[in-house]
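Okay, thanks for making time, everyone. Have a look at the sequence and the structure on the screen, and I'll talk you through a few things in it.

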Amino acid sequence: MNVERALGLLAQCAYRFWDDQGTDEIGPLLAEARASYDTAEHTDVATVAIGRSLIAALELRLCTDVENELNSGWDYDLEGPPLNGVEEDDWDEVSRPVAERAAEAARAAMDADPEDPLVPIHLGHALAWLGDRDGAVAAYREALRRDPFDEQADTCLEMLEVETGPPPTLDTSPRSYAFALLREKSRISNSEWIDIGHVYRTLAAARGAAEARLRETGDLTRQDLDNFIKLELDVHRPGQPIATFDLMGRIPSEPKEGLGPFRFDWSDVPLDEPLEPSLPPGRPVRIKNLLCF
């Protein structure tokens, strides 16, 4: 399906930003993703709108952070832009039309799906960069309404000198769709880890991905494996508690000096239970500050 192809292309763009490598290829990849949405047929309208909004948000990041080097310390993954950066940092205003398109695409996606938490943060970024403080505040507040645990939205409001309270206690998943989230934490240096999230429409697909990732670790000892990667499976169902499974804890600890390949024990994971209503094909998911594909 074209929406699934587009999602894969957007994932490539996000990873290139995170790794700060191959960013010169992001523009063509975004253009290809847009073409995929243009030819998408018989698919979820909101998924296409959200995808187009994500393209526009990544184009704004590309414009400010890579092509024109306008970013003066803005951490795109953890905070928001400086207020009115288009005038303070972009004297030629090359980013204004890009930010305006990002805001327009975000509004269309928010109208298409009033509950998905991915888009409001992008609207807030675009409006803050354009100098619309009130609009940005409203967008970040909407992001918190849709996901009360979005720490980035909370940080963005603090940057705009807006007080926020602690997140509420939620006993059940606030999501409208069911999905399996495979959370991966991989070591990139002696002191740093990177968080990656992958979403799946079935538990069987999540199991296959987890086992494939475990095989990729090679012949590590059991102890070295724990110091190299962490895998966790979260199962989201609307109105139900989020079920969390520590996959690394399901690998036998003996023999401690033995080498891989290792295996997960899936005996207490309900792999045969369907995830309904299922996440639409090609839909990215935002969990707190983590963008998952």
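I'll go through the cores, a helix pair, the cysteines and some backbone oddities. Keep in mind that this is a predicted model.

So, the cores. The largest nonpolar one has 58 residues. If you want the residues with the most contacts inside that core, click on Leu10, Leu30, Tyr37, Leu58, Leu123, Tyr140 and Phe293. Among the elements giving two or more residues to it are helix 1 (2-19), helix 2 (26-38) and helix 7 (133-146). Which helix gives the most? That's helix 3, with 10 residues.

Let's zoom in on Tyr140. Once you leave aside its neighbours within four places in sequence, Tyr140 still touches quite a list: Gly80, Pro81, Ile121, Gly124, His125, Ala128, Ala153, Cys156, Leu157 and Leu160. And apart from that big core there's another one, made of 23 residues, including Tyr200, Ala206, Ile229 and Val269.

Next, the helix pair. Helix 5 and helix 6 have their axes 8 Å apart and pack at about 150 degrees. Anything over 145 counts as roughly antiparallel, so that's what we call helix 5 relative to helix 6. The crossing of these two is left-handed. As for who meets whom, the helix 5 side includes Arg96, Ala99, Glu100 and Met110, and the helix 6 side includes Pro120, Leu123 and Trp129.

Now the cysteines. How many disulfides does the structure hold? Zero. Take Cys13: the nearest cysteine sulfur belongs to Cys63, and that's 15 Å away. From the Cys63 end, Cys13 is also the closest, and at 15 Å the sulfurs are too far apart for a bond. Both residues are buried, mind you: Cys13 has a relative accessible area of 0%, and Cys63 comes in at 4%.

Last bit, the backbone. There's a cis peptide bond from Glu276 to Pro277, with omega near -10 degrees. You'll find Pro277 in the loop between strand 4 (243-246) and strand 5 (285-287).

Then we have two positive phi values outside glycine. Asp20 has a phi of about 55 degrees, and Asn84 has one near 65 degrees. Asp20 sits in the loop between helix 1 and helix 2, while Asn84 is in the loop between helix 3 and helix 4 (85-88). Buried or exposed? Asp20 counts as exposed, at 61% relative accessibility, whereas Asn84 is buried, at 19%. The cut-off for buried is under 20%.

Okay, over to you for questions.

How values were computed:
Residues are numbered from 1 along each chain as its sequence is written. This is a predicted model: local features need pLDDT of at least 70, side-chain atom pairs count only at pLDDT 80 or more; totals for chains, interfaces and linings use all residues. Side-chain values use heavy atoms; hydrogens and water are left out. A nonpolar core is a set of buried Ala, Val, Leu, Ile, Met, Phe, Trp, Tyr and Cys residues joined through side-chain atoms within 4.5 Å. Buried means under 20% relative accessible area, exposed over 50%, partly exposed in between (1.4 Å probe, protein chains only). Helices (H or I, at least four residues) and strands (E, at least two) are DSSP runs, numbered from the N terminus. Contact means heavy atoms within 4.5 Å. A disulfide is a pair of cysteine sulfur atoms within 2.5 Å. Axes are lines fitted to C-alpha atoms, for helices over the stretch in contact, and angles run from 0 to 180 degrees between N-to-C directions. Angles under 35 degrees count as roughly parallel, over 145 as roughly antiparallel, 65 to 115 as roughly perpendicular and the rest as oblique. A crossing is left-handed if the near helix is turned anticlockwise from the far one by less than a right angle, and right-handed if clockwise.
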